[in-house]
Amino acid sequence: MVRLPRLGIAGALILLGSACHDDNPATDSDQPASSTADTGGSDGPTGTGEPTGTGGESDTDGDPGDPFAPAEPVLPRLTVSQYRNAIEHLLGPGLPGTPLEPDTNPYLFYNIGATSTFISELGVQQYEEAADHLSRAVFDDPARREALVGCVPAAPGDACVQGFLGTFGRRAYRRPFTAEELTRWTDVANQLAQGDAWRGLQFAVAGILQSPHFLYRVELGEPDPGDPTRLRFTGWEMATRVSFLLWNSPPDDLLLDAAGNGDLYTEAGLLAEAERLLDDPRARVAMQEFFAQYLDLARLDHVTRDPARWPMFSPTMTRSMRTEVQLLVDDLIHRSDSDIRQLFSTRHTFVNAELAKLYDVAAEGASPITFVPVDLPADGPRAGILTLGAFLTMNAHETITSPTNRGKYLRERVLCQIIPPPPGDVDTDLGDDENMDAQTVREKLEQHQKNPTCAGCHSIIDPPGFLFEHFDSIGAYRTLDNGYPIDATGNLDNIPLDGARDLAEALKTDPRVGRCIVNQLYRHATGRLAETSEQPALEALEQRFIKADHRFKQLLLDLVVSEAFRTVAEETDA
């Protein structure tokens with residue numbers, strides 16, 4: 001059972017939830033900013049954002065003959081962006097920001113951190129302070145509070161107060177208040193009013209904003225009349241699941257109405273609402289947030305380069321690189337509705353003036369702030385995001401490239417493969433070993449790999465990483481490293497390749513790319529790794545993805561109506 005500790009506020013006892021801490025071995029994505037840290041001169045393998053096979057996690061293939069069985073429920077806390085979206089949804093825009101405990105991203109995604117980590121005492125205090133601060137900001141403003149409440153209460157606990165609490169509660173809890181809950185919050189508003197109905201409402205709103213039913217997504221399911229071996233999510237729970245998947249925000253009133261009408265129990269009803277949500281601008285923002293985590297774009301915020309060494313690298317360069325990837329993602333999903341795997345092979349991209357200079361391409365109309373579409377040269381070295389500035393820069397060191405980091409990124413994020421962290425006592429710093437008879441980064445790595453402790457991981461990571469050696473630490477093309485000709489040959493699982501363009505061509509037809517996208521989306525959507533028993537549903541989802549020509553919006557719709565997204569196992573006490 002989920003057990004929730006208590007937190008006091010303004011005389012009312014408000015339950016606050018916490019999920020179980022993830023005791024997996026520390027990884028490069030187990031800390032709030034771990035994936036953004038620069039590893040200095042080290043070129044050894046870093047931790048992985050992938051499952052290591054410990055702690056009972058799965059995400060592995062099951063027996064093909066096994067039937068699908070849903071996993072047990074998790075209890076996700078709202079991420080920071082989901083919390084802020086929910087506050088704006090409930091109280092309106094323009095409210096002051098408040099500090100919150102940072103998200104963590106084990107296995108790449110904040111949603112997984114939200115289901116697997118404790119909220120600290122400081123985090124609890126920050127929720128309380130935020131609720132007090134936000135409610136005061138609204139109720140100290142006569143125009144704003146009347147717009148929110150929709151009526152002027154004549155007395156504490158009157159019909160105006162009760163009507164508002166019922167409406168506000170449904171939006172905050174993503175389901176209607178029970179009779180007991182409405183009574184409870186009406187009593188809070190009445191007892192703490194001290195003769196001022198507005199003051200009572202302020203305290204009630206502050207309390208609701210600390211309830212576990214607001215801060216956590218309580219999705220435990222109900223008996224499924226069509227299958228006694230599993231539970232189905234209720235209509236209200238499905239409204240929440242669909243909305244946070246497609247908008248990263250709470251359900252609007254139309255979606256809650258559909259839940260109340262029973263529409264979300266049917267595939268047709270779910271599809272109708274999901275298609276409506278995908279047509280809303282909020283879906284574009286939510287998809288960008290998913291891809292930003294999937295592609296690890298937050299690391300760009302921490303990239304620095306010495307302008308004396310890299311004169312082409314400006315203070316705005318990483319922002320331009322992030323915008324380029326965002327425009328490419330938006331183009332493939334929303335403008336052209338194309339095969340999303342083209343992210344890793346397309347010659348089409350969007351550049352401003354500084355990126356055009358970096359890539360040495362003509363871009364008529366581009367300026368420091370204006371991005372224009374361009375097609376990279378057919379005979380040039382670039383194709384797909386793995387040859388663009390964002391990937392190349394954030395997977396390099398300040399002064400030298402990093403075939404290891406680039407290869408690791410490819411393995412983990414594009415192919416969903418497992419790269420174990422290095423042994424704790426291994427020296428991963430290539431440094432300037434005087435005994436090394438090596439001139440290029442590649443030669444140094446090849447000598448470094450003679451250490452048998454390092455060879456296992458490096459033999460998997462480095463061969464594809466070498467394919468990017470024609471691109472320096474800011475993503476500019478080069479032919480020399482330290483004055484010596486570059487060798488950009490390598491392989492992907494023993495398939496010989498020469499340069500990043502060869503890799504892009506190989507990824508076009510690699511079935512692991514589409515399968516990995518399905519798995520990454522599923523982790524993001526559910527806030528956990530897939531269980532072995534869920535593999536039949538994921539395989540079915542992958543087949544539908546293939547039949548839909550790998551269009552990402554169709555994958556979202558197929559996920560929404562899949563049995564893996566709509567059903568859950570009964571919770572155990574284990």
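This dialogue is about reading the enclosed cavities of a predicted model.

Visitor: What kind of model is this, and how are its residues numbered?

Guide: It is a predicted model, in which local features need pLDDT of at least 70, side-chain atom pairs count only at pLDDT 80 or more, and totals for chains, interfaces and linings use all residues. Residues are numbered from 1 along each chain as its sequence is written, and side-chain values use heavy atoms, with hydrogens and water left out.

Visitor: What is a cavity, and how many of 30 Å³ or more does the search find?

Guide: On a 1 Å grid over the protein atoms alone, a cavity is a set of points where a 1.4 Å probe fits but cannot get out, and lining residues have an atom within 4 Å of a point; grid points are joined across faces, edges and corners, and a volume is the space filled by probe spheres set on the points. The search of the whole structure finds three cavities of 30 Å³ or more, and the largest has a volume of about 190 Å³. Its lining comprises 25 residues, of which Val74, Glu219, Arg241, Thr526 and Arg528 are the closest to its centre.

Visitor: How do the residues lining the second largest cavity divide?

Guide: Ala, Val, Leu, Ile, Met, Phe, Trp, Tyr, Cys and Pro count as nonpolar, Asp, Glu, Lys and Arg as charged, and the others, Gly among them, as polar. The second largest cavity, with about 60 Å³ of space, has a lining of six nonpolar, one polar and three charged residues, including Arg77, Glu101 and Asp103.

Notes
On a 1 Å grid over the protein atoms alone, a cavity is a set of points where a 1.4 Å probe fits but cannot get out, and a pocket is an open set with protein on both sides within 12 Å along at least five of seven lines; lining residues have an atom within 4 Å of a point.
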